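Have the sequence and the model side by side for this one. We'll start at a single side chain and work outwards from there.

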Amino acid sequence: MEGKTLADRIENYIKWLLKSSADGIVELQRQELAERFTCVPSQISYVLSTRFTIERGYLVESRRGGGGYIRIARVPLNAEERLKDWVHEALGEYISQEAAVELLERLGEEGLLTRREQLLLAAAINRQALPLELPRRDQVRACIMKAIILTLMRDDFPSEG
């Protein structure tokens with residue numbers, strides 16, 4: 001492992017765990033990972049935020065407290081291939097509230113969201129719910145929308161068929 005940075009070693013370990021899991025999901029403790037690699041928990045956070053991004057096909061759920069629980073899920077390759085270009089074209093780095101609501105409506109028309117889910121998500125991405133200045137607000141909204149779309153495309157996401 002000579003020539004590998006600490007971040008590379010942490011990334012490779014997490015990827016190995018994901019490949020070893022039956023469902024492509026791992027649950028970890030930030031503190032345990034930090035102890036394993038003899039580093040501070042913020043180094044684990046750095047690796048997660050830079051190497052396990054939505055754009056790279058990962059969903060990361062992180063909770064502070066209680067040891068820093070982390071759940072990492074790999075979005076299946078087939079879903080990634082279908083969506084990769086579309087997500088980046090439709091969303092880019094920024095999306096307005098109006099465009100995001102239209103996208104939620106389209107997802108509803110496609111049968112991926114119920115009307116109730118559309119309304120809840122529209123409320124979550126509303127400018128009043130994101131008290132940030134532009135363009136940061138549209139950037140955060142785009143990240144939320146990417147997470148929603150990739151979650152909907154997961155093989156283990158329950159559909160209301």
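Arg141 is buried, with a relative accessible area of 1% (buried means under 20% relative accessible area, exposed over 50%, and partly exposed in between, using a 1.4 Å probe and protein chains only). Its home is helix 7, residues 136-152; helices here are DSSP runs of H or I with at least four residues, strands are runs of E with at least two, and both are numbered from the N terminus. Leaving out residues up to four places away in sequence, Arg141 touches Ile95, Ser96, Gln97, Ala100, Ile125, Asn126, Arg127 and Leu130, where a contact means heavy atoms within 4.5 Å.

A word on ground rules: this is a predicted model, so local features need pLDDT of at least 70 and side-chain atom pairs count only at pLDDT 80 or more, while totals for chains, interfaces and linings use all residues. Residues are numbered from 1 along each chain as its sequence is written, and side-chain values use heavy atoms, with hydrogens and water left out.

Now zoom out. The protein chain has 7 helices and 3 strands, and along the sequence they run α-β-α-α-β-β-α-α-α-α. Of its 161 residues, 38% are buried. Take the contacts between residues at least 6 apart in sequence, and 62% of them join residues at least 24 apart.

Back to the helices. Two packed helices are described by the angle between their axes and the distance between the axes. The axes are lines fitted to C-alpha atoms, for helices over the stretch in contact, and the angles run from 0 to 180 degrees between N-to-C directions. Helix 7 packs on helix 5 at an angle of about 10°, with the axes 10 Å apart. That makes helix 5 roughly parallel to helix 7 (angles under 35 degrees count as roughly parallel, over 145 as roughly antiparallel, 65 to 115 as roughly perpendicular and the rest as oblique). Arg141 turns up again here: Gln97, Ala100, Leu103, Leu104 and Leu107 in helix 5 meet Asp138, Arg141, Met145, Ile149 and Leu152 in helix 7. Sorted by class, this contact has 7 nonpolar, 1 polar and 2 charged residues; Ala, Val, Leu, Ile, Met, Phe, Trp, Tyr, Cys and Pro count as nonpolar, Asp, Glu, Lys and Arg as charged, and the others, Gly among them, as polar.

Helix 5 (residues 97-109) also has helix 6 (residues 115-124) to deal with: their axes come within 10 Å and cross at roughly 165°. That makes helix 5 roughly antiparallel to helix 6. The crossing is right-handed, meaning that the near helix is turned clockwise from the far one by less than a right angle, whereas anticlockwise would be left-handed. Val101, Leu104, Glu105 and Gly108 in helix 5 meet Gln118, Leu121 and Ala122 in helix 6, a mix of 4 nonpolar, 2 polar and 1 charged residues. Pick out Ala122: beyond its neighbours within four places in sequence, Ala122 is in contact with Val101 and Leu104. Its C-alpha sits 9.4 Å from that of Glu105, 17 residues away along the chain.

At the other end of the sequence, how do helix 1 and helix 3 cross? The axes of helix 1 (residues 6-20) and helix 3 (residues 41-51) come within 10 Å and cross at roughly 70°, which means helix 1 is roughly perpendicular to helix 3. This crossing, too, is right-handed. Leu6, Ala7, Asp8, Ile10, Glu11 and Ile14 in helix 1 meet Gln43, Ile44, Tyr46, Val47, Leu48 and Arg51 in helix 3. By class, that comes to 8 nonpolar, 1 polar and 3 charged residues.

The loops are worth a stop as well. Most residues other than glycine have a negative phi, and most peptide bonds are trans. Thr38, in the loop between helix 2 (30-36) and helix 3, has a positive phi near 50° and is exposed at 72% relative accessible area. Pro135, in the loop between helix 6 and helix 7, is joined to Leu134 by a cis peptide bond with omega about 5°. Gly92, in the loop between helix 4 (77-91) and helix 5, is partly exposed at 22%. Gly92 and Gln139 are 47 residues apart in sequence, yet 8.9 Å apart C-alpha to C-alpha.

Last, the cysteines. Cys39 is buried, at 18%, whereas Cys143 is partly exposed, at 41%. The structure holds 0 disulfides, a disulfide being a pair of cysteine sulfur atoms within 2.5 Å.
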